[in-house]
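This briefing sets out the computed features of one protein model for a reader working from the coordinates. The points are grouped by topic after a short lead.

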Amino acid sequence: MATDGNTDVTVVGGVLPDGAVSARVQDLHDAWHDATVAGELWACLLPHGARGGLPPVVFADAEGEEVRPASPTESDHGESWVSVSLGEIEDGDWDFNPAGWDARVLRGAKVPVLWDDALGADPDVGQVGGDEDAALSVELRRGDTAVDVTGGEGGFPIHDPEREARDLLERTLSSSGDARTAGRAALEAVAAALPATIHGGPEQSFLMLSGGGVWIAVWTDRRGRLDVRIRGTGTPPARLDLTDRRSRDA
């Protein structure tokens with residue numbers, strides 16, 4: 001089974017199992033849709049983007065009796081996306097000095113290393129993109145909150161802030177829960193504007209989503225080639241006043 005989707009619709013389809021002549025697919029709103037069948041192939045259009053993993057599908061024979069696929073494996077599904085979980089650095093992996101490494105990253109970062117102390121005191125350096133002496137992306141984190149800043153060639157640019165926020169919300173929720181529940185939360189989250197300043201500059205507007213106890217805020221400056229992604233848990237902040245930690249800690 002494979003899917004192809006954008007932010008509005010998803011096409012899901014595959015090959016009918018032996019004995020089946022029809023298929024029905026359940027969307028993230030729990031509504032069922034009849035698939036179109038042509039020979040051994042079936043396809044169905046769902047009224048939302050490709051979220052929540054592979055949807056439930058029920059096959060039936062000519063008498064309407066359910067037909068169960070024979071021992072499907074993960075490789076049979078043809079899943080069209082990959083979920084990546086970013087691990088943490090373990091002190092035992094090498095002779096690692098966290099405080100020294102944090103200072104080294106802050107000193108050489110080629111992007112602003114942003115944080116708001118209202119999110120928590122004394123954040124640590126998390127993921128770094130590129131050379132730690134000249135990082136093109138830097139994440140600061142404290143507990144469940146993380147602020148990731150990417151610039152230049154440091155990562156995947158944000159082309160659609162709302163889709164980026166929904167994708168990040170879904171990934172965050174699915175990393176510790178059910179993929180279908182995470183997909184539904186990402187689909188149903190209502191976008192809002194989150195006022196913010198970046199290192200004392202003019203007020204900006206982050207796009208924010210929240211659901212399942214997680215909130216996400218994203219912002220992009222296409223002219224300056226700078227992207228900011230923030231995730232946290234609990235009640236979202238009323239505003240953000242982000243400062244560049246390079247000027248404070250480097």
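Strands β7 and β8 form a hairpin in which 5 residues lie between the two strands, and Gly-64 in the turn has a positive phi of about 85°. The model is predicted. The protein contains 5 helices and 17 strands, and 39% of its 250 residues count as buried.

**Overall figures**

- The accessible surface of the protein comes to about 13600 Å², and carbon and sulfur atoms account for 49% of that area.
- Of the contacts between residues at least 6 apart in sequence, 59% join residues at least 24 apart.

**Strand pairing around β7**

- Strand β7 covers residues 57-60 and pairs with strand β3, residues 22-26, in the antiparallel sense over 4 bridges.
- Within this pairing, Ala-60 in β7 is the bridge partner of Ser-22.
- Strand β7 is also joined to strand β8, residues 66-67, by 2 bridges, and these two strands run antiparallel.
- Here Phe-59 has Val-67 of β8 as its bridge partner.

**Nonpolar cores**

- The largest nonpolar core has 28 residues, of which Val-138, Val-147, Phe-206, Val-228 and Ile-230 touch the most other members.
- Beyond its neighbours within four places in sequence, Ile-230 is in contact with Ala-146, Val-147, Phe-206, Trp-215, Ile-216, Ala-217, Leu-240 and Leu-242.
- A second core, separate from the largest one, has 13 residues, and Ala-165, Ala-182, Ala-189 and Val-218 are among them.

**Helix α4 and its surroundings**

- Helix α4 spans residues 179-188, and its buried residues are Arg-180, Ala-182, Gly-183, Ala-185, Ala-186 and Leu-187.
- The cover over these buried residues includes strand β3 and helix α3, the latter at residues 161-174.
- At the N-terminal end of α4, Asp-178 acts as a cap, with a side-chain oxygen 3.1 Å from the backbone nitrogen of Arg-180.

**A buried polar side chain in β2**

- Thr-10 lies in strand β2, which comprises residues 10-15.
- Thr-10 counts as buried because its relative accessibility is 4%, under the 20% cut-off.
- The side chain of Thr-10 reaches the backbone oxygen of His-48 at 2.6 Å.

**Salt bridges between Arg-51 and helix α3**

- Side chains of opposite charge can pair when their charged atoms come close.
- The count of salt bridges in the model comes to 16.
- Asp-167 and Arg-51 form one salt bridge, in which the closest N and O atoms are 2.9 Å apart.
- Asp-167 belongs to helix α3 and Arg-51 to the loop between β6 (41-46) and β7, so this pair ties together parts that are 116 residues apart in sequence.
- Arg-51 also meets Glu-170 in a salt bridge through their side chains, at 2.9 Å from N to O.
- Glu-170 likewise lies in helix α3, while Arg-51 is in the loop between β6 and β7, so the pair ties together parts that are 119 residues apart in sequence.
- Arg-51 is buried, with a relative accessible area of 9%, and Glu-170 is buried at 13%, whereas Asp-167 is partly exposed at 25%.

**Other salt bridges**

- Asp-133 forms a salt bridge with Arg-104, and the closest N and O atoms of this pair are 2.5 Å apart.
- This pair links distant parts of the chain, 29 residues apart: Asp-133 is in the loop between β10 (124-129) and β11 (137-142), and Arg-104 is in helix α2, residues 98-108.
- Both ends are partly exposed, with relative accessible areas of 37% for Asp-133 and 33% for Arg-104.
- Asp-30, Arg-180 and Arg-184 are joined into one network by salt bridges that share partners.
- Arg-180 thus appears in two settings: its backbone nitrogen lies 3.1 Å from the capping oxygen of Asp-178, and Arg-180 is a member of the network with Asp-30 and Arg-184.

Terms used:
Residues numbered from 1 in each chain as written. Predicted model: local features only at pLDDT ≥ 70, side-chain atom pairs only at ≥ 80, totals over all residues. Heavy atoms only, no water. Pairing = 2+ DSSP bridges. Buried < 20%, exposed > 50% of the residue type's maximum accessible area, 1.4 Å probe, protein only. Contact = heavy atoms within 4.5 Å. Areas by Shrake-Rupley, 256 points an atom, 1.4 Å probe, with all protein chains shown as cover. Core = buried A, V, L, I, M, F, W, Y, C linked by side-chain atoms within 4.5 Å. Polar contact = N/O pair within 3.5 Å; in protein donor to acceptor, adjacent residues only side chain to side chain. Salt bridge = Lys/Arg side-chain N within 4 Å of Asp/Glu carboxyl O.
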